[in-house]
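User: I'm new to reading protein structures. Could you walk me through this one, feature by feature?

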Amino acid sequence: MNFRAFSLLFFSAVLFSACMEEPQCIEPDTHYFNLSFKKIVDGSSLSVKIDSIYHVEQMQSFNKGDSISSIQLPFSPLHNLSTFVLTTEFKKDTVSFSYDLIPKLYATSCDVTMLFTNTNYETNTFDSVNFDFFQLPPNVQVYY
Amino acid sequence: MAQQQSDSTSEVIEDTLKQKKPKIFDFKGVRTGVDIAGIGRSLINPHLTLYQGRIESDFGKYIAVFEMGTYSNSIDSLPKFNYNITGRFMRIGADANFIHKSEDRSVFTVGLRYGRSSHTDYLTYALETDFGLIENLEAQNLKQKSGWVEFVFGLQAELVSNIYMGFSARYKFGLHYKDQQFVPFEIPGYGRSETVADNNSAWGINYYITYYFRKG
């Protein structure tokens, strides 16, 4: 038996074994989008009174009566489509987004995370809007 | 007589040159073995089976390697998720042996592998939305094919006559697979698809006991 080779073998194996560790649980910035309001005149931030924002697929509404310049809204992880009915002091608009859903498990200590990919808008009724899907999370800027 | 001496001198020179010219591939023998770490994990964890073997052709400075194995695992973390996988894998490649003059055929190698696997896995999970709804869902990847590349560093030392013990440390990268219903959590022969580095690479290590069939 070659004890020197054995010792080197054992030491190297222990050294490489130290490289093994579990990854962290990750919540990617893909399951919601940023909605912001801008002045159509100069593009500066605009505070808008919201009567309601209604998520059709989730059958939930929120932010009733608030005046806001921006808000974060979640996509539905149970559907490949999320439709929002936005009622503001100015008008009532509808916007719907489509995406692919891919479940992913990062580590055994984590919950299953849903990845949203190929996000795009399907329909919208805004008079003036800018969609930016290259940002994470995606940005939607509505101009009044 | 002078001509005969000249002819025999030429033959001696020619024979000497032939002897000194090194062979690139000098077949020494064949080594076969099993991964004892996989057997150990299979004995310790009743939900996991990992059997892996290898066969090497020793050509002196270079060693051709073929590895294959089977893998199955079941991870029950209900109510969060339940995961099951069954699959097979193989790796093929070659190593450079830096101690090829060793008389006992111990090896210190660096090499490359290309790995392929085929597996089927199932995931059942509970998903909670931002609105507090919880849905129980399931997904399945049928006959998922995957491929990757490895840099391998290994040592094998002789224990007793023709029986060797060693390890292979692997840096795996270039993982590719077709998207199916969910991102594969484990890939037979590769390991977890998600790692700390999160750059589509992973480390791995195998421990082998092998038997060497010497040429002649």
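**Strands, rings and confidence**

Analyst: Sure, let's start with a strand pair: β6(A) and β7(A) run antiparallel to each other, joined over 7 bridges. Keep in mind that this is a predicted model.

User: What holds strands of a sheet together in general?

Analyst: Strands in a sheet pair through backbone hydrogen bonds, and they can do it parallel or antiparallel. Here, β6(A) and β7(A) make a hairpin, with 3 residues between them. To find a spot in the pairing, look at F84(A): its bridge partner in β7(A) is V95(A).

User: Which other strand pairs with β6(A)?

Analyst: That's β2 (residues 48–55) of chain A, again antiparallel, over 5 bridges. In that pairing, Y54(A) has V85(A) of β6(A) as its bridge partner.

User: Is β6(A) mostly covered or mostly exposed?

Analyst: Mostly covered: 7 of its 8 residues are buried.

User: How do I read the order of strands in an open sheet?

Analyst: Go from one edge to the other and name each strand as you pass it. One open sheet in chain A has 4 strands, in the order β5-β1-β10-β9, with mixed pairing. The edge strands are β5 and β9 (129–132) of chain A; each has a single partner strand, so one side of each is left without a neighbour in the sheet. Ignoring direction, neighbouring strands of this sheet are turned by 20 degrees against each other on average. Within it, β1 (residues 32–38) of chain A and β5(A) pair antiparallel over 5 bridges, and F33(A) has L73(A) as its bridge partner in β5(A).

User: And side chains in a strand, where do they point?

Analyst: In a regular strand they alternate between the two faces of the sheet.

User: Now the rings. How many aromatic pairs are there?

Analyst: A search of the whole structure turns up 26 over all chains. Take F75(A) and F97(A): their ring centres are 5.4 Å apart with 65 degrees between the planes, which is edge-to-face. F75(A) sits in the loop between β5 (70–74) and β6 (81–88) of chain A, while F97(A) belongs to strand β7 (residues 92–104), so the pair ties together parts that are 22 residues apart in sequence.

User: Are those two rings buried or exposed?

Analyst: F75(A) is buried, at 2% relative accessible area, and F97(A) is buried too, at 0%. For another kind of pair, go to chain B: F98(B) and F108(B) have ring centres 5.8 Å apart and planes at 45 degrees, so this pair is tilted. F98(B) lies in the loop between β4 (81–97) and β5 (107–128) of chain B, and F108(B) is in β5 itself, 10 residues away. F98(B) counts as exposed at 52% relative accessibility, and F108(B) as partly exposed at 30%.

User: Which residues sit with F75(A) in an aromatic cluster?

Analyst: Among the members are F33(A), F84(A), F97(A) and Y99(A).

User: What can sit over a ring besides another ring?

Analyst: A charge can. The charged end of R31(B) is over the ring of Y164(B), 4.6 Å from its centre. Likewise, K172(B) lies over the face of Y190(B), 5.4 Å from the ring centre.

User: How should I read the confidence of chain B?

Analyst: Where pLDDT is low, the predicted coordinates should not be read in detail. Chain B has a mean pLDDT of 86, and 85% of its residues reach 70 or more. Among its elements, helix α1 (residues 2–20) has the lowest mean, 60, and β4(B) the highest, 96. The model itself scores ipTM 0.75 and pTM 0.79.

How values were computed. Residues numbered from 1 in each chain as written. Chains lettered and ligands numbered in written order. Predicted model: local features only at pLDDT ≥ 70, side-chain atom pairs only at ≥ 80, totals over all residues. Heavy atoms only, no water. Phe/Tyr/Trp six-rings, centres within 6.5 Å; stacked < 30°, edge-to-face > 60°. Helix = DSSP H or I, 4+ residues; strand = E, 2+ residues; numbered from the N terminus. Buried < 20%, exposed > 50% of the residue type's maximum accessible area, 1.4 Å probe, protein only. Lys NZ or Arg CZ within 6 Å of the ring centre and 35° of its normal. Pairing = 2+ DSSP bridges. Axes fitted to C-alpha atoms, helices over the stretch in contact; angles between N-to-C directions. pLDDT = per-residue confidence, 0-100.
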